[in-house]
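Colleague: I'd like to go through this model with you, starting with the empty spaces inside it. Please set out any terms we need before we begin.

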Amino acid sequence: AFSRGFLIQSLAQLENLCKQLYETTDTTTRLQAEKALVEFTNSPDCLSKCQLLLERGSSSYSQLLAATCLTKLVSRTNNPLPLEQRIDIRNYVLNYLATRPKLATFVTQALIQLYARITKLGWFDCQKDDYVFRNAITDVTRFLQDSVEYCIIGVTILSQLTNEINQADTTHPLTKHRKIASSFRDSSLFDIFTLSCNLLKQASGKNLNLNDESQHGLLMQLLKLTHNCLNFDFIGTSTDESSDDLCTVQIPTSWRSAFLDSSTLQLFFDLYHSIPPSFSPLVLSCLVQIASVRRSLFNNAERAKFLSHLVDGVKRILENPQSLSDPNNYHEFCRLLARLKSNYQLGELVKVENYPEVIRLIANFTVTSLQHWEFAPNSVHYLLSLWQRLAASVPYVKATEPHMLETYTPEVTKAYITSRLESVHIILSRDGLEDPLEDTGLVQQQLDQLSTIGRCEYEKTCALLVQLFDQSAQSYQELLQSASASPMDIAVQEGRLTWLVYIIGAVIGGRVSFASTDEQDAMDGELVCRVLQLMNLTDSRLAQAGNEKLELAMLSFFEQFRKIYIGDQVQKSSKLYRRLSEVLGLNDETMVLSVFIGKIITNLKYWGRCEPITSKTLQLLNDLSIGYPFLSYVRKLVKLSAVQFMLNNHTSEHFSFLGINNQSNLTDMRCRTTFYTALGRLLMVDLGEDEDQYEQFMLPLTAAFEAVAQMFSTNSFNEQEAKRTLVGLVRDLRGIAFAFNAKTSFMMLFEWIYPSYMPILQRAIELWYHDPACTTPVLKLMAELVHNRSQRLQFDVSSPNGILLFRETSKMITMYGNRILTLGEVPKDQVYALKLKGISICFSMLKAALSGSYVNFGVFRLYGDDALDNALQTFIKLLLSIPHSDLLDYPKLSQSYYSLLEVLTQDHMNFIASLEPHVIMYILSSISEGLTALDTMVCTGCCSCLDHIVTYLFKQLSRSTKKRTTPLNQESDRFLHIMQQHPEMIQQMLSTVLNIIIFEDCRNQWSMSRPLLGLILLNEKYFSDLRNSIVNSQPPEKQQAMHLCFENLMEGIERNLLTKNRDRFTQNLSAFRREVNDSMKNSTYGMNSNDMMS
């Protein structure tokens, strides 16, 4: 029976619900239908009802519902369907597809998905020594021998299966996924690939009837299948799409024959030329994968032959470029060109027979592409990456054949620069065109590539840039002086100059110290002088008008200039400095630094309301301030009058972004932290122990604190103003606290803030706990203050400050924790912002305080002070309010939680032991889940926690068995009792750790080995059962070897957890893992699926 009166007596009602779910436009009806169908999915007779729906259902929607419900049923991990039932469903689906040719496409798709899921999850299931779900090729043979429609179904089944097995899902362990994928790769994938290529050969040999829709469908599915085979994650590295450039396809050695046979490569090039352009992108995608086959698959002669065929095919496409007018084709072809250099060396390319002709064609293609900048802008990246790699290889190529890049690279550089400049006028004069300069990320990426390309034949690049820059700058100056100049003409010149400044910054940033000559440095000088002259011109006009994009380009230029020419890595005798001295009178580094600081102050004065410019300007200031005492230029910087001006006048009347205007968001104040970090570093250079200078510097912040205190002391105050003043203030303070990483300066800050101003921070948390825009900065400041960075928190022997600081920390955590828990139910999409982020910072704060080594935590209980207890109890309350899944779903939360837990299990095990059983189980299961986390930091932290807990247990057990006069304390006794009542928790973790070490690519083997010995010693009987089950799951001929591996693992290990014994175990474990891997590599099939991991 269904709630809400949904009693489904008949299929008709179910069908009606499906109709409502998929067709209705009324949200309420749809939600009710969805609710009823969810209940249907969870009902016990769902399986039989689904079969009825497929048998008798009259609408496609009900068939779709049945297929998706069945997929959910076969996928569930708890209470899985028995093997017979799954075999029946599989056979039923195949029959259903074979006997009903006219199904809706989405129903066919859902049924094929169901078949693929059953096959994947049952890959290791045996019935009478037969792996029942491994006959995919036999299953589809009957489809492939039938009409085109059925043939399409057969090919789609294989395609979907390959895809399904290649994709890890979150509900099953990654280990299991990798085992299935590896077994499928070894047993079936090559046969599927061969079958697919053969069918493609047949199809292309039959002179495709391109007017026949069904032939189109078949071709499409065959190409998808081939692409899925080539795209398979062969060795479990699962590269994501974003790292497209570095992709190497790890084809197994057993596939060599297919790639040594030139007809495979030829097949795809022939297909490209013979089929309609709409299919070509898939053909090119397959070629991209084939071109990326790992180098080690071939010997040198074979690779040269393969590359020669590949280059011939590319040449043929470039000679007949008609199909490339389709943007998808063009994109894939650019990817193919990029792979030519990412997988082969320039020395190999120049030896190819037609190299001179091909490099000419590629250069022309690139130049044409760059000139048509508005066509497929996302594909340009691949072309530039090809030329970037070619240019970078020039110094290293040893082949005697000419590479001709000195001829063609300047053409590419010129095409890029001139096409960007020409785009400016077109974009300004036409509506609706996107300006590439808006996308700073994309511009930066292209400039990084250009920085290498432009350095090839650098004289030509510089000559071109100087010529273009002088033209634009001169026109710009004339326009500014003319009374009748149109704003459009001025905008065009500003746009061109913006590109030129970006490009000049990029080519200067491309300087490589060992390859650079005096002449090149002099050329850099020419370019820098021009940009600085332009800056003087634009800065002089800022009172009337400014151009944001041009300013951002200037900042990008300064960033590159700083990286290459400021600091101790460049000789001050460099020709660049000589040129600056001749043209602009900048005689030394100090004068150049004053230009930087001048620009920074100008920007902060005039652009304080423009967030992108302010934050980039402050980043530049921050980068300049880093490095003292190692970099001598920071001392020169501090002596500049402009820097002294900043240190003495950091108020809103000089720097508008420090004001608390009511228009901006509270979060826009983030840049203030950067500003004060830089000021703090610069102040520290000469501060020493001068308290007067420090007091002087802090005056504006003292005034702000006094203002907030004044507001809090009255009953009615302007809340907005108080919030803004306080948030600005704590962001400033956090910057200073971060910069002050020496004891003397940090103590001045500590004595300034404590005890006078701490109550104000506590009051703010109390008042505004529900507003993360206020609490996050306050909590972050507190977390920074308790962080013993570079041992700066070392109080004198007679000082109680460490304990007093911890009391404040405890007070804040308790105040925030108790209040945030009163929020009640928070919507899922806001739970992190409103609640978890604050909790995560509290965890970090507590961890920093507990591990800072400036408080003796034993004294709290001794003197009846509840500060430590309050903080720890609040931690537990907060922890229990978070579902397990959230702990791992939010990376910052998981890192702060697990690092705090590590400190607690290391130093406060008595507290952990005293917790309620359900809390202990919660913590243990969070460790258990963290062991398999993808984040290595989390996984390593969990190993460490587990090691501390297991060591504690082992010690207590050893003590309880010895005849001692002192009995165990109550906590330890309870803890032992709880663990003895729930042995499955520790056993589960023993099984997990062992499985990760044996069957997974274990990235932190040392950490994993530490808790393992304790786990084994606590569970010797369980370990011996586990060992037998792993040994028995091996093929008979391997069992003896596996047994021996386990024998050697425990060789010479004693029943204790002394360091010497642990180290010996860690060494044994390394050898064990090597031996097991060698033994399993030679084995064709892995463990049975009802092993310890499923």
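Modeller: Happy to! The helices we'll talk about are DSSP runs of H or I with at least four residues, strands are E runs of at least two, and the numbering starts from the N terminus. Bear in mind that this is a predicted model.

Colleague: Thanks. How many cavities of 30 Å³ or more does the count come to?

Modeller: The count comes to five cavities of 30 Å³ or more.

Colleague: Let's take the second largest cavity, then. Which element supplies the largest share of its lining?

Modeller: That's α9, with three residues. Both α6 (105-121) and α9 (174-205) supply at least two residues of that lining. The space in the second largest cavity is about 60 Å³.

Colleague: Which residues line it?

Modeller: You'll find Lys120, Leu121, Ala168, Asp169, His172, Pro173, Lys176, His177 and Ile180 around the second largest cavity. Sorted by class, that lining has four nonpolar, two polar and three charged residues.

Colleague: And how much space lies in the largest cavity?

Modeller: About 110 Å³. The lining of the largest cavity is made of 10 nonpolar residues, with no polar and no charged ones. They are Val311, Leu340, Leu349, Val352, Tyr355, Val358, Ile359, Ile362, Leu386 and Leu390.

Colleague: Which helix gives the most to that lining?

Modeller: α17, with four residues. Both α17 (355-371) and α18 (380-393) supply at least two residues of the lining of the largest cavity.

Colleague: Moving on to open spaces: what is the volume of the second largest pocket?

Modeller: About 1,000 Å³. It has 39 lining residues, and Ala783, Glu784, His787, Arg789 and Ser844 are the ones that lie nearest its centre. Two or more residues each come from α27 (611-625), α30 (670-687), α32 (719-739), α35, α37, α41 (891-907) and α44 (936-961).

Colleague: Which of those gives the most, and what is the mix of classes?

Modeller: α37 gives the most, with eight residues. By class, the lining of the second largest pocket splits into 11 nonpolar, 19 polar and nine charged residues.

Colleague: Change of topic. I was looking at α25; which of its residues are buried?

Modeller: In α25 (residues 575-584), Leu576, Tyr577 and Leu580 are buried. They are on the same side of α25, because the arc they cover around the axis is only 95°.

Colleague: What do those buried residues pack against?

Modeller: They pack against α23 (518-540), α24 (548-565) and α26 (589-606). Right after α25 comes Gly585, with a positive phi near 70°.

Colleague: Since you mention α23: I noticed Thr538 in that helix. Is Thr538 buried or exposed?

Modeller: Thr538 has a relative accessible area of 8%, so it counts as buried, given that buried means under 20%. Leaving aside neighbours within four places in sequence, Thr538 is in contact with Tyr476, Leu550, Glu551 and Met554.

Colleague: Back to backbone angles. Which residues other than glycine have a positive phi?

Modeller: Two to look at are Gln791, with phi near 55°, and Ser853, with phi of about 60°. Gln791 sits in the loop between α35 (772-785) and α36 (801-820). Ser853 is in the loop between α37 (831-850) and α38 (858-862).

Colleague: How accessible are Gln791 and Ser853?

Modeller: Gln791 is partly exposed, at 46% relative accessibility. Ser853 is exposed, with a relative accessible area of 71%.

Colleague: And the peptide bond from Tyr754 to Pro755, cis or trans?

Modeller: That bond is cis, with omega near 5°. Pro755 belongs to the loop between α33 (743-753) and α34 (758-768).

Colleague: Last one: what does UniProt annotate over residues 33-99?

Modeller: The unreviewed UniProt entry gives "domain: Importin N-terminal" for residues 33-99. In the model, that stretch is 81% helix and 0% strand, with its end C-alpha atoms 31 Å apart.

Colleague: Great, thanks for the tour!

Methods. Residues are numbered from 1 along each chain as its sequence is written. This is a predicted model: local features need pLDDT of at least 70, side-chain atom pairs count only at pLDDT 80 or more; totals for chains, interfaces and linings use all residues. Side-chain values use heavy atoms; hydrogens and water are left out. Buried means under 20% relative accessible area, exposed over 50%, partly exposed in between (1.4 Å probe, protein chains only). UniProt positions are given in the numbering used here, feature names are shortened, and annotations may be inferred rather than shown by experiment. The arc is that of the directions from the helix axis to the C-beta atoms. Contact means heavy atoms within 4.5 Å. On a 1 Å grid over the protein atoms alone, a cavity is a set of points where a 1.4 Å probe fits but cannot get out, and a pocket is an open set with protein on both sides within 12 Å along at least five of seven lines; lining residues have an atom within 4 Å of a point. Grid points are joined across faces, edges and corners, and a volume is the space filled by probe spheres set on the points. Ala, Val, Leu, Ile, Met, Phe, Trp, Tyr, Cys and Pro count as nonpolar, Asp, Glu, Lys and Arg as charged, and the others, Gly among them, as polar.
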